[in-house]
Amino acid sequence: MCRQSATVCLVKPPTLAGVAVLPLVERLRVLPDPRRRRGVRHPFVAVLLVAASAVVAGARSYAAIGQWSSSAPQHTLARLGARTVGALSVRVPPSAATIRRILGRVCPGGLADLTGAAPTGAQSVAVDGKAARGSRHDQTPAAHLLAAMTDQGRTVTQLRVPDKTNEITCFAALLEPYDLTGVTVTADALHTQRAHARFLVEEKNAHYLLVIKANQPGLHRQMRSLPWKDVTARRYDRESGHGRKETRATRVLTVTDLGLDFPHAVQAVRILRHRTDLKTGARTRQTVYAITDLTSQQASPQRLGQLARSQWTIENRLHFVRDTTFREDASKIRTGHGPDNMATLRNLAINTLHDAGHSNIAAGLRHASYEPFNRPLDLLGIA
């Protein structure tokens, strides 16, 4: 059974030990082929590489990937390891139907783990979920995908949340395979759970910074009643961008002696945000509370404010990009593991383009599309 908790795969999940440093081609070889041996024509890894290369070139659907595959010249198919036929060893590309079948069946947890970035060396990892709205069909709800991303903007992995539950049940499973020693995990209020805090500190030797809202009413009341007016540890930040001005006042309290009912809690954080819309002049005010096991020596008010903002990294650099650049919510891929695995290929493309120095993913895709049968393979390290 795959650690991807939404479905049961027909193959065992791969082990991540020792494969994180391997090239993409070698990592994909670790992934088991879900097909039966009889009737197999196209190499499994070659089909995955075709799909990954096409997505880096801008393909958004099975049809687009199939069109890229059928248009690929012989030298590109040779680099991808496509099958050969005849005495002249002519390379034959996989069809759109073959690509659809394989992406619909391949282990989604294994593919996400093997194509993601290791969190080693990251200062923080943000966890957040997103629904692929276009995958909804009749009574079947849209695929909801929980992902983890480093503070450098590299997606670590993702898994699909079971249809009849929520993200809370998948939090530990998402992070379990990784070494998070010394890493601070940030998450929104949904994941402000005592079990999550114990898992991170006691089992993963990690730290946490978790937002507290009204879904934890008792804890929220405790946070609001803390002596914030007496706080001397403060930080003020001002910035302009995205059509607004924002001022953030961060106050931090040590709570070890205040009886705050949360495992390993050491500091409480209150962030007061004042925003002014530069176009309309409208002003808004928002108060955000958070809790962390980091001590004042480990994290100053400035650092805690940065960690709180790092939670937006996954929204701005992953979910927003998949929605706007790859049009994920408009995708009608619905069956099998298709929604999960196509999202994973988009994550891989985003990671690859970031690693190549493209801060704007749309611009990076255009750059790759100018030489669609060479540049994507070069970016993915396919010799």
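## A tour of pockets, cavities and a few odd corners

The lining of the largest pocket is a mix of 3 nonpolar, 6 polar and 6 charged residues. That is our starting point, and keep in mind that the model on your screen is a predicted one.

**Stop 1: the largest pocket.** Select His 242, Arg 244, Arg 309, Trp 312 and Asn 316. Of the 15 residues that line this pocket, these lie nearest its centre. The pocket has a volume of about 440 Å³. Now colour strand S8 (234-241), strand S9 (244-254), strand S10 (267-277) and helix H10 (301-324), since each of them supplies at least two residues of the lining. Which element gives the most to this lining? It's H10, with 6 residues.

**Stop 2: the second largest pocket.** Keep H10 coloured and move on to a pocket with a volume of about 340 Å³. It is lined by 17 residues, and the closest to its centre are Asp 188, Val 211, Lys 213, Gln 311 and Trp 312. Strand S6 (184-187), strand S7 (207-212), strand S11 (283-292) and H10 each give two or more residues to this lining. H10 again makes the largest share, this time 5 residues. Try colouring by residue class here: you'll get 9 nonpolar, 3 polar and 5 charged residues. Trp 312 deserves a click of its own, as it is listed by the centre of the largest pocket and also by the centre of the second largest.

**Stop 3: the closed spaces.** Rolling a probe the size of a water molecule over the atoms shows where empty space is left. How many cavities of 30 Å³ or more does a search of the whole structure find? The search finds 2.

The largest cavity has a volume of about 60 Å³. To see its walls, select Ala 132, Gly 134, Ser 135, Glu 328, Ser 331, Ile 333, Gly 338, Pro 339, Met 342 and Arg 346. Helix H11 (residues 338-355) contributes the largest share, 4 residues. The walls divide into 4 nonpolar, 4 polar and 2 charged residues.

The second largest cavity comes in at about 50 Å³. Its lining is Ala 112, Thr 115, Gly 116, Thr 155, Val 156, Thr 157, Gln 158, Thr 344, Asn 347, Leu 348 and Asn 351. Helix H6 (108-115), strand S5 (155-161) and H11 each give two or more of these residues. Count by class and you get 3 nonpolar and 8 polar residues, with no charged ones.

**Stop 4: Ile 333.** You've already selected this residue as part of the lining of the largest cavity. Zoom in on it now, in the loop between H10 and H11. Is Ile 333 buried or exposed? Its relative accessibility is 9%, so it counts as buried, the cut-off being under 20%. Next, show its contacts: leaving aside neighbours within four places in sequence, Ile 333 touches Ser 61, Tyr 62, Ser 135, Gly 338, Pro 339 and Met 342. Then draw a line from its C-alpha to that of Arg 136. The two residues are 197 apart in sequence, but their C-alpha atoms are 9.0 Å apart in space.

**Stop 5: helix H12.** Select residues 361-369 and pick out the buried ones: Ile 361, Gly 364, Leu 365 and Ala 368. Why do they sit on the same side of H12? Because they cover an arc of only 100 degrees around the axis. To see what covers these buried residues, switch on helix H2 (44-56), H10, H11 and helix H13 (375-380), which are among the covering elements.

**Stop 6: two unusual backbones.** Click Ser 89, in the loop between strand S1 (83-85) and strand S2 (90-92). Its phi is positive, about 55 degrees, although it is not a glycine. At 41% relative accessibility, Ser 89 counts as partly exposed. Now go to Arg 327, in the loop between H10 and H11. Arg 327 also isn't a glycine, and it has a positive phi of about 55 degrees. With a relative accessible area of 45%, Arg 327 is partly exposed.

**Last stop: the cysteines.** Select Cys 107, which is buried with a relative accessible area of 1%. Then select Cys 170, where the relative accessibility is 1% and the residue counts as buried. How many disulfides does the structure hold? The number is 0.

Methods
Residues are numbered from 1 along each chain as its sequence is written. This is a predicted model: local features need pLDDT of at least 70, side-chain atom pairs count only at pLDDT 80 or more; totals for chains, interfaces and linings use all residues. Side-chain values use heavy atoms; hydrogens and water are left out. A disulfide is a pair of cysteine sulfur atoms within 2.5 Å. Buried means under 20% relative accessible area, exposed over 50%, partly exposed in between (1.4 Å probe, protein chains only). On a 1 Å grid over the protein atoms alone, a cavity is a set of points where a 1.4 Å probe fits but cannot get out, and a pocket is an open set with protein on both sides within 12 Å along at least five of seven lines; lining residues have an atom within 4 Å of a point. Grid points are joined across faces, edges and corners, and a volume is the space filled by probe spheres set on the points. Ala, Val, Leu, Ile, Met, Phe, Trp, Tyr, Cys and Pro count as nonpolar, Asp, Glu, Lys and Arg as charged, and the others, Gly among them, as polar. The arc is that of the directions from the helix axis to the C-beta atoms. Contact means heavy atoms within 4.5 Å.
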